[in-house]
Amino acid sequence: EGAIVNIIDLSAYEPWPDYIAHSTGKAALLAMTRQLALELAPAVRVNAVAPGPVLPPPDFDDAMIARSADKTLLNRWGTPEDIAEAVLLFVKAGYVTGEALAVDGGKRFGHRKYEHG
């Protein structure tokens, strides 16, 4: 028995402008996660983690880092430990397969913070 945890990102769900290869690749990895869960069961469980902002790119200045944090519901960047905890969850969760977990501080919904106030 075993567990595979793929690392995708939010572009698997919503494409990003000018990132056609990246978004397509991550969406394909999400589809492969589900297909492998089907093909390898019951011996191997296959899941995916979709991190949000975790490590700022080297060219991000303080203002860019703050803007990205503000786009999450938790108003912060994640940490590598946040992602590792999600991976470990899938490793330990013996009755979960074919799933993806967004570990993004609510970034997918962060734009909604400003719609009602």
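# A tour from the S11 loop outward

Begin by selecting S11, which sits in the loop between β1 and α1, and keep in mind throughout that the model on the screen is a predicted one. With a relative accessibility of 3%, S11 counts as buried, because the cut-off for that class is under 20%. Show its side chain together with that of D9, and a polar contact of 2.5 Å appears between the two side chains. Then display the surroundings of S11: once neighbours within four places in sequence are set aside, the residues in contact with S11 are W16, H22, S23 and K26.

Stay in this loop and select D18, which also has its place between β1 and α1. Most residues other than glycine have a negative phi, and most peptide bonds are trans. D18 is not a glycine, yet its phi is positive, at about 70°. In contrast to the buried S11, D18 is exposed, with a relative accessibility of 80%.

Now zoom out to the whole chain. How many helices and strands does the secondary structure of the protein chain come to? There are four helices and three strands, and, read from the N terminus, the elements follow the order β-α-β-α-α-β-α. The C-alpha atoms fill a box of roughly 45 × 35 × 30 Å along the principal axes. Of the 117 residues in the protein chain, 30% are buried. If contacts with a separation of 6 or more are considered, residues 24 or more positions apart account for 69% of them.

Next, hide the helices and select the three strands, which form an open sheet in the order β1-β2-β3 with parallel pairing. The edges are taken by β1 (2–7) and β3 (100–103), and each has a single partner strand, so one side of each is left without a neighbour in the sheet. Looking along the sheet, one finds neighbouring strands turned by 25° against each other on average, direction ignored.

To follow the pairing in detail, take β1 and β2 (residues 44–51), which are joined in the parallel sense over six bridges. Select G2 and its bridge partner in β2, V44, and then move to V5, which stands opposite N47 in β2. The path of the chain between these strands is also worth tracing: from β1 it passes through α1 to β2, in a β-α-β crossover that is right-handed. On the other side of the pairing scheme, β2 and β3 run parallel and are joined by four bridges, with A50 having A102 in β3 as its bridge partner. While β2 is selected, colour it by accessibility: the strand is mostly covered, with seven of its eight residues buried.

Bring the helices back and select α1 (residues 20–40), which lies across β1, β2 and β3 and runs at about 160° to β2. Then add α3 (residues 80–92), for which the description reads alike, since α3 lies across β1, β2 and β3, running at about 160° to β2.

Go from α1 toward β2 and stop at P42, in the loop between these two elements. The peptide bond that joins A41 and P42 is cis, with omega at about 5°.

The next stop concerns aromatic side chains. A pair of aromatic rings is described by the distance of the centres and the angle of the planes. Which arrangement do the rings of W16 and Y19 form? The pair is edge-to-face, with 5.8 Å from centre to centre and 85° between the planes. Both residues are partly exposed, W16 at 36% relative accessibility and Y19 with a relative accessible area of 45%. F60 and W77 make another edge-to-face pair, with 6.2 Å between the centres and 85° between the planes. This pair links distant parts of the chain, for F60 belongs to the loop between β2 and α2 (62–70) and W77 to the loop between α2 and α3, 17 residues apart. F60 counts as partly exposed at 26% relative accessibility, whereas W77, at 14%, counts as buried.

End the tour at N75, whose place is in the loop between α2 and α3. Phi of N75 is positive, near 55°, in a residue other than glycine, and N75 is partly exposed, with a relative accessible area of 46%.

How values were computed:
Residues are numbered from 1 along each chain as its sequence is written. Side-chain values use heavy atoms; hydrogens and water are left out. Two strands pair if DSSP finds at least two bridges between them. Axes are lines fitted to C-alpha atoms, for helices over the stretch in contact, and angles run from 0 to 180 degrees between N-to-C directions. Contact means heavy atoms within 4.5 Å. Rings of Phe, Tyr and Trp (its six-membered ring) pair if their centres lie within 6.5 Å; planes under 30 degrees apart count as stacked, over 60 as edge-to-face and the rest as tilted. Buried means under 20% relative accessible area, exposed over 50%, partly exposed in between (1.4 Å probe, protein chains only). A polar contact is a pair of N or O atoms within 3.5 Å; within protein, one must be able to donate a hydrogen and the other to accept it, and residues adjacent in sequence count only if both atoms are side-chain atoms. A crossover is right-handed if, with the strands pointing away from the viewer, the path from the first strand over the helix to the second runs clockwise.
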